[in-house]
Amino acid sequence: MTQATESKTPTQGIQMTDAAVQQVLFLREKQGRDLCLRVGVRQGGCSGMSYMMDFVEPDSIQDTDEVFDHNGFQVVCDPKSLLYIYGMVLDYSNALIGGGFQFTNPNASQTCGCGKSFAT
């Protein structure tokens, strides 16, 4: 795993490595708009809960959402999801096998083989 970017706040609820930030910025640039990354969880997946990520318009951010700044890029999370993923590190690997976004969640007691779902 690569080193997580330093946050402007002492405790960052959702951390991102430099590789993850670079990949998200690349993907956002392909969208052609200034978007935020919404990260959350939902019921499902092979371990009980699965991670979700999607680009959203900045005006869709709710007053109850937590917003984390990563060098000018905003990551948004709803409060219920944050209970399950607080302290998570989002990483990215371009490896041919096992590449893509990877979630390291300190709250997960069990993860599936693909790393896209977890249990608490």
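This is a short walk through the structure, stop by stop, with a selection to make at each one.

**The whole chain**

Start with everything shown as a cartoon, and keep in mind that this is a predicted model. The protein has two helices and nine strands, and along the sequence they follow the pattern β-α-β-β-β-β-α-β-β-β-β. Of its 120 residues, 39% count as buried. Of the contacts between residues at least 6 apart in sequence, 51% join residues at least 24 apart.

**Strands β1, β6 and β7**

Now select residues 14–16, which make up strand β1, together with residues 88–93, strand β6. These two strands run parallel and are joined by three bridges. To line them up by eye, find Q15, which stands opposite V89 in β6.

Next, add residues 100–104, strand β7. This strand runs antiparallel to β6, with five bridges between the two. Here S93 is your guide: the residue opposite is G100 in β7. Follow the chain from β6 into β7 and you trace a hairpin with six residues between the strands. Pause at G98 in the turn, where phi is positive, at about 80 degrees.

**The nonpolar core**

Show side chains for I14, M16, L37 and I85. In the largest nonpolar core, which has 22 residues, these four touch the most other members. Which elements supply at least two residues each to this core? They are β1, α1 (18–31), β2 (36–43), β3 (49–56), β5 (73–77), α2 (79–85), β6 and β7. As background, nonpolar side chains in soluble globular proteins tend to be buried together.

**An aromatic pair**

A search of the whole structure turns up two aromatic pairs. For one of them, select Y51 and F103: their rings are stacked, 4.2 Å centre to centre, with 10 degrees between the planes. Y51 sits in strand β3 and F103 in strand β7, so the pair ties together parts that are 52 residues apart in sequence. Are these two residues buried or exposed? Both Y51 and F103 are buried.

**N105 and its partners**

Keep Y51 on screen and add N105, found in the loop between β7 and β8 (110–111). Although N105 is in a loop, this residue counts as buried because its relative accessible area is 10%, and the cut-off is under 20%. What does the N105 side chain reach? One partner is the backbone oxygen of Y84, at 3.0 Å. Another is the side chain of Y51, through a polar contact of 3.3 Å. A distance label on each of these pairs makes the arrangement easy to follow.

**R28 in helix α1**

Move to helix α1 and pick out R28. With 18% relative accessibility, R28 falls under the 20% cut-off and therefore counts as buried. Leaving aside neighbours within four places in sequence, R28 is in contact with R33, D34, L35, F55 and F73. Select those five residues along with R28 to see the surroundings of this arginine.

**The cysteines C36 and C77**

For the last stop, select C36 and C77. C36 is buried, at 3% relative accessibility, and C77 is buried too, at 0%. How many disulfides does the structure hold? The count is zero. For reference, a disulfide is a covalent bond between the sulfur atoms of two cysteines.

Conventions:
Residues are numbered from 1 along each chain as its sequence is written. This is a predicted model: local features need pLDDT of at least 70, side-chain atom pairs count only at pLDDT 80 or more; totals for chains, interfaces and linings use all residues. Side-chain values use heavy atoms; hydrogens and water are left out. Two strands pair if DSSP finds at least two bridges between them. Helices (H or I, at least four residues) and strands (E, at least two) are DSSP runs, numbered from the N terminus. Buried means under 20% relative accessible area, exposed over 50%, partly exposed in between (1.4 Å probe, protein chains only). A polar contact is a pair of N or O atoms within 3.5 Å; within protein, one must be able to donate a hydrogen and the other to accept it, and residues adjacent in sequence count only if both atoms are side-chain atoms. A nonpolar core is a set of buried Ala, Val, Leu, Ile, Met, Phe, Trp, Tyr and Cys residues joined through side-chain atoms within 4.5 Å. Rings of Phe, Tyr and Trp (its six-membered ring) pair if their centres lie within 6.5 Å; planes under 30 degrees apart count as stacked, over 60 as edge-to-face and the rest as tilted. A disulfide is a pair of cysteine sulfur atoms within 2.5 Å. Contact means heavy atoms within 4.5 Å.
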